[in-house]
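Work through the exercises below with the sequence and the model side by side, and try each task before reading its solution.

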Amino acid sequence: MNSAVINQQSIEKDFENAQKEAKYWNEKAQDALTNNDDDLALEAVVNKKVQNKIVLIFLTQLQQQQATVALLRQNLMTLENFKKTLGNDTEL
């Protein structure tokens, strides 16, 4: 379960970084439009779209990993309760 939690934390960091990158390109696009820099605006919009797709991919992975961790925790609690029911002398 520990590796599942570590994996979730890693995905969270990747998700946050992807969000920052998408925000950066959004700001770049706004600046380029303000300065009438069509080439930079186009590049920024394309990069922003790509980054937004990456954000969605990480969001999906994060949601799946959160569900996995929740299920593992639930199963662990069930096993611990089962062990208590059988008594402390029983090894699983």
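**Exercise 1. Find the residues that Gln 51 touches beyond its sequence neighbours, and decide whether Gln 51 is buried or exposed.**

Leaving aside residues up to four places away in sequence, Gln 51 touches Ala 18, Glu 21, Ala 22 and Trp 25, where contact means heavy atoms within 4.5 Å. Before going further, note that this is a predicted model, in which local features need pLDDT of at least 70 and side-chain atom pairs count only at pLDDT 80 or more, while totals for chains, interfaces and linings use all residues. Residues are numbered from 1 along each chain as its sequence is written, and side-chain values use heavy atoms, with hydrogens and water left out.

Next, place the residue: Gln 51 belongs to helix 2, residues 38–86, helices being DSSP runs (H or I) of at least four residues, numbered from the N terminus. Finally, Gln 51 is buried because its relative accessibility is 12%; buried means under 20% relative accessible area, exposed over 50%, and partly exposed in between, with a 1.4 Å probe and protein chains only.

**Exercise 2. Determine which residues form the largest nonpolar core, and which helix gives the most to it.**

A nonpolar core is a set of buried Ala, Val, Leu, Ile, Met, Phe, Trp, Tyr and Cys residues joined through side-chain atoms within 4.5 Å. By that criterion the largest core has seven residues, namely Ile 11, Phe 15, Ala 18, Ala 22, Val 55, Phe 58 and Leu 62. Helix 1 and helix 2 are the elements that give two or more residues to this core, and helix 1 gives the most, with four residues.

One member, Ala 22, can then be followed outward: with residues up to four places away in sequence set aside, Ala 22 touches Lys 48, Gln 51, Asn 52 and Val 55.

**Exercise 3. Describe the geometry of the aromatic pair in the structure, and compare the exposure of Tyr 24 and Trp 25.**

The structure holds one aromatic pair. The ring centres of Tyr 24 and Trp 25 are 5.1 Å apart and their planes stand at 75 degrees, so the pair is edge-to-face. The rule behind this is that rings of Phe, Tyr and Trp (its six-membered ring) pair if their centres lie within 6.5 Å, with planes under 30 degrees apart counted as stacked, over 60 as edge-to-face and the rest as tilted. As for exposure, Tyr 24 is partly exposed, with a relative accessible area of 37%, whereas Trp 25 counts as buried at 13%.

**Exercise 4. Locate Asn 36, and state what is notable about its phi angle.**

Asn 36 lies in the loop between helix 1 (2–34) and helix 2. Its phi is near 55 degrees, a positive value in a residue other than glycine. With a relative accessible area of 66%, Asn 36 is exposed.

**Exercise 5. Establish where Gln 8 lies, what it touches, and whether it is buried or exposed.**

Start with the element, which for Gln 8 is helix 1. Apart from residues up to four places away in sequence, Gln 8 touches Leu 62, Gln 65, Gln 66 and Val 69. The relative accessible area of Gln 8 is 15%, and the residue is therefore buried.
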